[in-house]
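Reader: Before I rely on the labels attached to this model, I would like to hear how each one was earned. Could you take me through them?

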Amino acid sequence: MIKPLMNIKSAQRQQGATLLGMLFVGVFVVFVALIVMKVTPAYIEHMSVKKVLKSMQNDSLSNMTTKEIRDNFNKRASTTYVEVVNGNDLVIEKGTNGTVVTVEYEVVKPIIGNVSVLLNFSARSDGKF
C-alpha cells in the first residue's frame with residue numbers, strides 16, 4: 001500500500017513541457033527565423049555597397065568629376081547586383097583631404113501582412129561611420 005502512494009507523489013513532482021508550451025516556442029522560433037530570412041539579403045546588399053565604395057576610394061576619386069564618379073559607381077554596382085542604390089543617390093564631398101562618397105538609404109522589408117521592418121543604412125568610401 002505504501003508503494004502506490006509513493007508513485008502518486010512522484011508523479012505529482014514530475015513536470016515537463018506541455019504541448020501548448022512547445023507550440024508557443026515553435027511559433028516564436030519560426031517568427032524569428034522568418035525575420036532573419038527576410039532581413040539577411042538587405043545586409044548582404046549593404047556589404048556590397050560598402051565594397052563598391054571602398055574599391056572606388058582606391059581609385060583616385062579626386063581626379064574624377066561628379067558625373068564620372070556616379071557612372072563609375074553605377075558600373076561597379078551593376079556587376080555586384082546592387083539594386084537599392086544608384087549613382088544619383090550618392091553624396092559627393094570634395095575637400096582638402098580628398099573626395100569622399102557617402103550614401104544613406106532605407107530598406108523596407110514586409111514580414112507578414114501589414115508588419116514590416118525598416119532598415120537604415122549608411123556607407124562612406126573612406127570607411128568611417
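Author: The questions below set computed values against the definitions behind them.

Author: This is a predicted model, in which local features need pLDDT of at least 70 and side-chain atom pairs count only at pLDDT 80 or more, whereas totals for chains, interfaces and linings use all residues. Residues are numbered from 1 along each chain as its sequence is written, and side-chain values use heavy atoms, with hydrogens and water left out.

Reader: Why is valine 36 called partly exposed?

Author: Partly exposed is the class between buried, under 20% relative accessible area, and exposed, over 50%, with a 1.4 Å probe and protein chains only. Valine 36, which lies in helix α2 (residues 19-58), has a relative accessible area of 46% and is therefore partly exposed. Helices here are DSSP runs of H or I with at least four residues, strands are runs of E with at least two, and both are numbered from the N terminus.

Reader: What makes lysine 128 exposed?

Author: Lysine 128, in the segment after β3, has a relative accessibility of 57% and therefore counts as exposed. Its C-alpha atom is separated by 9.9 Å from that of threonine 102, although the two residues are 26 apart along the chain.

Reader: How do you know that β1 and strand β2 pair?

Author: Two strands pair if DSSP finds at least two bridges between them. β1 and strand β2 (residues 98-112) have 5 bridges in the antiparallel sense, and one of the residue pairings sets lysine 94 against threonine 99 in β2.

Reader: What supports the pairing of β2 and β3?

Author: These two strands are joined over 10 bridges, again in the antiparallel sense, and glutamate 106 stands opposite asparagine 120 in β3. β2 and β3 form a hairpin with 2 residues between them, and glycine 113 in the turn has a positive phi of about 60°.

Reader: Why are β1 and β3 said to stand at the edges?

Author: The open sheet has 3 strands in the order β1-β2-β3, with antiparallel pairing. β1 (91-95) and β3 (115-124) each have a single partner strand, so one side of each is left without a neighbour in the sheet, and they are edge strands.

Reader: Which strands does α2 lie across, and at what angle does α2 run to β2?

Author: α2 lies across β2 and β3, and runs at about 165° to β2. Such angles run from 0 to 180 degrees between N-to-C directions, with axes fitted as lines to C-alpha atoms, for helices over the stretch in contact, where contact means heavy atoms within 4.5 Å.
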